[in-house]
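Welcome! Below are a few short exercises with worked solutions. Please take a look at the structure before you begin.

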Amino acid sequence: LLFDEIEKANFKILDAIMRLMEKGLITLNDTECNFSQSIIIFTSNIVMNKLVSCKQQLASKGIFCENPIYQKEMKSIIASAGFRPDILGRINTVVVYNPLDEKALIKVTISEIRKLGKQYNLQINNIEPSIVKEIALLFVGSDEGARPVYNYCEMQLGEVFALSTVRCGILDIIYTETNSNYKLIPSINNH
């Protein structure tokens, strides 16, 4: 089971999660469901910068995720941010992921632009590399993962895609210096 951004959960949801973690059972629509053989994963951005910093400090001392010292330090930081201690005490392993680097963000940006294009019935063939890099660099060091990249692409390119007169075509995205804007053009490789 995956609970994304657990820190935003309503207290009633957290109470249900607590019961789930205690007994492995939860009632959904008057049906008792058994999750005793399940793996429960929580994601969170809570105190991410502190966690990444602590992870790096511990790694420099040769202390990694499987070490009890690592786990104790990470749980202490999470607890200091107000996370429920009864739930935190039942979490076996805290894994802290590194923020996305430029190379990963470039891949995410290309993927998000293409997915966004599909939402508008457009196939994006080529994206000018400077556009991808410009967008990716905006989010290097962000502790929010890939979601801001999608939001930015939607905000900057959604209107361009929506106003496109070509539907179901194969397009390239270019940046026009004259009006500092993005532009769709028919792809040279349009087959």
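**Exercise 1: A residue and its core**

V96 touches M48, L51, V52, K55, Y70 and M74, leaving out residues up to four places away in sequence; here contact means heavy atoms within 4.5 Å. This is a predicted model, in which local features need pLDDT of at least 70, side-chain atom pairs count only at pLDDT 80 or more, and totals for chains, interfaces and linings use all residues. Residues are numbered from 1 along each chain as its sequence is written, and side-chain values use heavy atoms, with hydrogens and water left out.

Task: find which residues have the most contacts inside the largest nonpolar core.

Solution. Start with the term: a nonpolar core is a set of buried Ala, Val, Leu, Ile, Met, Phe, Trp, Tyr and Cys residues joined through side-chain atoms within 4.5 Å. Buried means under 20% relative accessible area, exposed over 50%, and partly exposed in between (1.4 Å probe, protein chains only). The largest core has 21 residues, and those with the most contacts inside it are M74, F83, I87, I91 and V96. Next, look at the helices: α1 (11-23), α2 (48-60), α3 (68-80) and α4 (85-88) each supply at least two residues of this core. Helices (H or I, at least four residues) and strands (E, at least two) are DSSP runs, numbered from the N terminus. The largest share, 5 residues, comes from α2. Finally, a second, separate core of 17 residues includes L116, L122, C153 and F161.

**Exercise 2: A charged residue in a loop**

Task: decide whether E5 is buried or exposed, and list what E5 touches.

Solution. First, locate E5 in the loop between β1 (2-3) and α1. Its relative accessible area is 11%, so E5 is buried. Beyond four places in sequence, E5 touches T43, S44, N45 and R147. The C-alpha atoms of E5 and F42 are separated by 7.0 Å, although the two residues are 37 residues apart along the chain. Last, the side chains of E5 and K8 are joined by a polar contact of 2.4 Å (a pair of N or O atoms within 3.5 Å; within protein, one must be able to donate a hydrogen and the other to accept it, and residues adjacent in sequence count only if both atoms are side-chain atoms).

**Exercise 3: A glutamine in a helix**

Task: which residues is Q71 in contact with?

Solution. Begin in helix α3, where Q71 sits. Q71 counts as buried because its relative accessibility is 10%. Leaving aside neighbours within four places in sequence, Q71 is in contact with C65, N92, T93 and V94. A polar atom of the Q71 side chain lies 2.8 Å from the backbone oxygen of C65.
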